[in-house]
Amino acid sequence: MSASDPARFDLFIAGREVPSSSGERTTLTDPANGAAIASVAVGGRDEARAAMEAAETAFRESPWAADDGALRAKLLRKLADRLDASIEAFARLETLNMGKTLREARGDVAYVVRTLEYASGLADKIEGTTIPVAGPRFDYTVREPLGVTVHIAPWNYPLLLAVRSVAPALAAGNSVVLKPASLTPLTALAFARLAQEVGIPPGILNVVVGPGRAVGEALVEDPRCRSVSFTGSAEVGERIGAIAGRRHIPHVLELGGKSPVIVLPDADLDRAAKGIGFGIFGNAGQMCWAGSRAIVHESVRDELLGKLRAIAEKTRLGPGLADGTEMGPLVSAEQADRVLGFVESARSDGGTVVAGGGRPTDPALAPGHFVRPTVLAQVPSSSRAVREEIFGPVLSVFGFEEIDDAVRIANDTRYGLFAAIWTRELGTAHTLARRLEAGMVNVNESPNTFPQTPFGGVKDSGVGAEQGRESVLAYTRTKNVMIHLGAARKRGGGP
Ligand code: NAD
């Protein structure tokens, strides 16, 4: 692929690659150097409608929903295997489009493979119950797919976060319309091609690229939309939640975070520093669950700050595809400006920049959207750098004396996605885990998750959870069936 001949990607509707009816296209650029990488069709309301129509028809007419789960299990497993064999190609496409390092992108695609395997394993285990009731009656429940489910994904883990909700929805027998983020649609479109190749019926997985408000809201407003899974900002999540509430459709909202990492005096400081660094500089900090606030006991604060500074300063920045790169560029110029704006506001509010705080000086990196790993200290808790999600490689470090103060600082945020604790004291770890207002807590580890463990937040971080066994059930509805077995026969009447 050369800059003068960018790859062409169209929308994926009813098993076919189609341009948009308006003919509109956009050129995507490599965040590492600004070179054109792909021309992508941009859909609108017409394409949203066409995708919903295709999904509804496939749901009604293909064997997908009516199957006992064996076919879905088989095809999802086949899709996992095909993707497994294509990890390198998908990883390169993700890096080229989004900027993350190739190592990170390989990890993302491998995670998607595991997600599909896990969903495949559940597809034929969606069972109802029988319920004892009074009288000559037989009562049972069945789990039915919802119909057409809509999935709206962000740009930071483009394929991973799309498939995280698409896989269980497919396993449960639904048909799907996916809207990837406009900046990063390439792997989702390539994934739809792969699904088609392994035999997932046309119309069961549709992908529409287009502006969030026009296409995303048209999908959720469509009467055929029976559920929505949204991963993105709290502000857009609020809009989606309002539409879903008005339309009485189930919804999962996976939103932002401002996650605390508490370091107790007995922690292994080397491991903690490494884990904290990974949790805020990984993916160039563009992580919903980034541990962006380190809350460190005063007795070890200076020592840990020194280790964090060393990690930040030795992190090698570069294009995601280059060997040895440890941190890639941010996804866009706008995102880099936004992140640096937060650093400036922290500075003007009296904060100290311990490491980073600007763009790299290497002229080779100037055309890319790079921001140096940044560590801030002494930032007042009222600063917008402390209160708002930065979504970049910027860590703020705070001190505490008493454990109650650590809990108070940790919970002093509108968000509640994730929290981490570093301590060797088992009792303290368990007690603290319960006191933290977060959907997920990790002890002695940077943020970590698996397809089988629930992922979700509380407060403004969202509603419901993805992943885990329950995620498949969330894409079903329970129907109760009660049968009167007729008047009871008199005793001794015989058969
Ligand atoms: P965003 O909210 O701007 O966009 C997310 C998606 O919603 C995109 O596909 C976008 O096109 C679409 N969209 C935008 N406006 C819309 C509207 N009015 N109606 C319907 N769809 C609309 O978020 P982003 O900038 O792409 O992603 C960053 C945010 O996502 C951060 O806040 C981050 O914390 C959050 N996030 C959360 C999780 C999680 O699992 N909790 C994971 C990753 C990212």
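User: In this predicted model, how many of the five residues of strand S19 are buried?

Analyst: A residue counts as buried when its relative accessible area is under 20%. In the predicted model, strand S19 spans residues 418-422 and is mostly covered. On one side stand Phe 418, Ala 420 and Trp 422, and on the other Ala 419 and Ile 421, all of them buried. The number of buried residues in S19 is therefore five of five.

User: Which residue of S19 is the bridge partner of Val 263?

Analyst: Strand S13, residues 260-263, pairs with S19 in the parallel sense over three bridges. Val 263 has its bridge partner in S19, and that partner is Trp 422.

User: Which residue in S20 stands opposite Ala 420?

Analyst: Strands of a sheet pair through backbone hydrogen bonds, in either a parallel or an antiparallel sense. S19 and strand S20, residues 440-443, run parallel and are joined by four bridges. Opposite Ala 420 in S20 stands Asn 442.

User: Why can strand S9 be described as largely enclosed by the rest of the structure?

Analyst: Both faces of S9 are covered, with Ser 175, Val 177 and Lys 179 on one side and Val 176 and Leu 178 on the other, all buried. Strand S9, residues 175-179, is largely enclosed because the number of its residues that are buried is five of the five.

User: Which residue in S9 does His 151 stand opposite?

Analyst: Strand S8, residues 148-152, and S9 run parallel and are joined by five bridges. Across from His 151, the residue in S9 is Leu 178.

User: Which strands stand at the edges of the open sheet that contains S6, S7 and S23?

Analyst: This open sheet of three strands has the order S6-S7-S23, with antiparallel pairing. An edge strand here has a single partner strand, so one of its sides is left without a neighbour in the sheet. The strands at the edges are S6 (130-131) and S23 (476-484).

User: Which residue in S7 is the bridge partner of Thr 130?

Analyst: Two bridges join S6 to strand S7, residues 137-145, and these strands run antiparallel. For Thr 130, the bridge partner in S7 is Tyr 140.

User: Which helix supplies the largest share of the shell around the ligand?

Analyst: Helix H6 (158-171), helix H8 (212-221), strand S11 (225-231) and helix H9 (234-247) each supply at least two residues of this shell. The shell also draws at least three residues from each of domain 1 (7-255 + 461-480) and domain 2 (260-443). The largest share, four residues, comes from H8.

User: How many residues of the shell around the ligand are nonpolar?

Analyst: There are 29 residues around the ligand, and Ala 153, Glu 217, Ser 233, Leu 255 and Glu 389 come nearest. Seven residues of the shell are polar and seven are charged, while the number that are nonpolar is 15.

User: Which side chain has a polar atom 2.7 Å from a nitrogen atom of the ligand?

Analyst: Two other side chains approach oxygen atoms of the ligand: an N or O atom of Trp 155 is 3.0 Å from one, and a polar atom of Arg 164 lies 2.8 Å from one. The side chain with a polar atom 2.7 Å from a ligand nitrogen is that of Glu 217.

User: What percentage of the accessible area that the ligand has on its own does the protein cover?

Analyst: Among the side chains that approach the ligand is that of Arg 164, with a polar atom 2.8 Å from a ligand oxygen. On its own, the ligand has 840 Å² of accessible area, and the protein covers 89%.

User: Is Ser 165 buried or exposed?

Analyst: Ser 165 is found in helix H6, and its side chain makes a polar contact with the side chain of Ser 229 at 3.4 Å. The relative accessible area of Ser 165 is 3%. This value is under 20%, so Ser 165 is buried.

User: What is the approximate phi of Ala 284?

Analyst: Most residues other than glycine have a negative phi. Ala 284 lies in the loop between helix H10 (269-281) and strand S14 (293-297), and it is buried, with a relative accessible area of 2%. Although Ala 284 is not a glycine, its phi is positive, at about 55°.

Technical notes: Residues numbered from 1 in each chain as written. Predicted model: local features only at pLDDT ≥ 70, side-chain atom pairs only at ≥ 80, totals over all residues. Heavy atoms only, no water. Near = heavy atom within 4 Å. Polar contact = N/O pair within 3.5 Å; in protein donor to acceptor, adjacent residues only side chain to side chain. Areas by Shrake-Rupley, 256 points an atom, 1.4 Å probe, with all protein chains shown as cover. Nonpolar A, V, L, I, M, F, W, Y, C, P; charged D, E, K, R; others polar. Domains from an automatic or database assignment. Pairing = 2+ DSSP bridges. Buried < 20%, exposed > 50% of the residue type's maximum accessible area, 1.4 Å probe, protein only.
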